[in-house]
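Trainee: Before we discuss this model, I should like to understand how its descriptive terms are justified.
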Amino acid sequence: MGDESTKFSDGDAVPRVVIVDDHRLFRSGVRGELGDAVNVIGEAGDVDSAVHVIGETLPDLVLLDVHLPGGGGVEVLRRVLAKHSQIRFLALSVSDAAEDVIGVVRGGARGYVTKTISGKELANAIVRVADGDAVFSPRLAGFVLDAFSATDAPPVDPELDRLTQREREVLRHIARGYAYKEVAKELFISVKTVETHVSSVLRKLQLSNRHELSRWATARRLV
Amino acid sequence: MTAVETPRLTRAVDGRLLGGVASGLARHLGLEPVVVRLAFMALAVGGIGVAVYVALYFLVPLEETEEEGRSDPAADNRRKGRDISQLIAYIGLAAGLGILFLLFGGVFDPLLWFVIFGALGATILWQQANPAERNEWMNSTVSRTRPKSIMRTVVGILLVVVGVLGFLAFHQQLQEARAGLTFAFTLIGGIALIVAPWIIGLIRERDSERRERIRNAERAELAAHIHDSVLHTLTLIQRRADDPREVQRLARVQERALRSWLYQRPADAETTVTPGLERVAAEVEEEHGVPIEVVCVGDAPIDDGISAMLRAAREAMVNASKYAGTDSISVFGEVDEEEVLVFVRDRGAGFDLDDIPQDRMGVRGSIVGRMERHGGSARIRTEPGEGTEVQLRMPRIAEM
């Protein structure tokens, strides 16, 4: 699925999705809520079967739980992305813990939503991530702001590890509960620009050095 | 001191001078303690008394004290005073005897001194190992190394070593002693080499056992918590199945409780901004039944201004739950270097700010007025149909 011209948001095609979660009830619940908005082509309940199913079906997007038997969502990301880097991941978690969330995002997930999200919003998020955008929940935006602002020492590579003023502003609005559209209106920029900012934050989060994040986590007694 | 029946032989705790051996023995035999002490003193001249005293000290168990006996501080003091004076008297007596012995009995054997050194060290070390201390050692999850106990151990070991070496050195000629010492140290080293792995294994086993125990305790606590709160809530929900609002409220309350129980950082309970804001939101949510999502960045201790800000934020949340007619409210708090910001936002009905009559206190008094009185500011952005956002801003007092 390296074809970048496919745009699911146009409504012509629906993204093909694999749901990975260790609770069968939750999987069927998500499947029911999503309805026709996506095409669920597979399910898995642990790391090994997830890697297997994803390898077989090569979906557009994987809806990934953070906590899984056999190594967690991070392990799935590591093993799948090594072979199929085009597959996109959206983390879906009940966990509030920052280290879980930041962990999967650093592992390569393109977005993060909590399990309290409504079915419609989830379908929206799936379509956006399948299109190549990044999706942040307000809580994740808060975590990211926290992670980047708690570093006093000069970063190794300022270009890479610092959020620009604009990115910070965008994240702040998302953390305040604004939708991308509202952020765009508020800051007098296009929705596309908001999405670009969010994507670059995600990229920085993946690349920013591990040392900083672990120090941040230690400072907050998370690890 | 007339005992009706003979008490068991124990070391006395009350009214003792040294180890409580003499007074304990006196009680056991039904004699005056002074008699027993003098007897010990007399025997001590030959060295036997000391040996007997030390042996009894180790062998005879300590008397079990009833706690209420120590509640009278006046009596305690009196006894202590008498004790010290008696102790001085006995020491004087012992010194006198010793001088007499030195003057008339010829050489005072240096051997005895080393024996006394050794005995003193051993006493200190053994006292370290009394049950109370040992318990402290065993469940040493917290302060494992207290400098005082380390010092005592070191002093004890030093005394024993000096005593033993001195005894050896004087007992035989020094030359021979050296050979003996080499022999002894080699033997001890060999034994240590043989025994060390076994002891290390034991220690490791104990550590892993302790870890396992802690883990089990945690698991049991989690089970108990889930039993107490979650199961009860589920039962309540089953009973109230026909009232969706109540069911939702119960579920939210329980979710938040469990979440904070699982993920909460217990240390900064209620004295900083983040937990404070979360608590305020939880209270409003519980009262009004509208879910409030709180995101907070950074943290700072709560001062006067910030606590006023929390009250203003609470008012804003209450307003949003009451009038906005929405099913969710977002609260965002950010602690900056210079100021603290709180945004309370809903996507509900919104209103026209100019339409509020002058006499309505909610927004003007509780939010704007309160913030301004404490040196902060409040802005309200709203439009009919667009929802409302209350922005609160409070400068931080320099913490120098």
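The exchange below takes up a few elements of chain A and then chain B as a whole.

Mentor: This is a predicted model, in which local features need pLDDT of at least 70, side-chain atom pairs count only at pLDDT 80 or more, and totals for chains, interfaces and linings use all residues. Residues are numbered from 1 along each chain as its sequence is written, and chains are lettered from A in the order in which they are written.

Trainee: What makes S4(A) and S5(A) a pair of strands?

Mentor: Strands are DSSP runs of E with at least two residues, and two of them pair if DSSP finds at least two bridges between them. Three bridges join S4 (residues 88-93) to S5 in chain A, so the two are paired, and they run parallel. One bridge partner of this kind is A:Tyr112 in S5(A), matched with A:Ala91.

Trainee: How do you know that S5(A) also pairs with S6(A)?

Mentor: Two bridges join S5(A) to S6 (residues 135-136) of chain A, therefore the criterion is met; these strands also run parallel. A:Gly111 has A:Val135 as its bridge partner in S6(A).

Trainee: Why is the crossover through H5(A) called left-handed?

Mentor: A crossover is right-handed if, with the strands pointing away from the viewer, the path from the first strand over the helix to the second runs clockwise. The path from S5(A) through H5 (residues 119-130) to S6(A) is left-handed, whereas S4(A), H4 (residues 98-107) and S5(A) make a right-handed β-α-β unit.

Trainee: What share of chain B is buried?

Mentor: Buried residues (under 20% relative accessible area, 1.4 Å probe, protein chains only) make up 30% of the 400 residues in chain B.

Technical notes. Heavy atoms only, no water. Helix = DSSP H or I, 4+ residues; strand = E, 2+ residues; numbered from the N terminus. Buried < 20%, exposed > 50% of the residue type's maximum accessible area, 1.4 Å probe, protein only.
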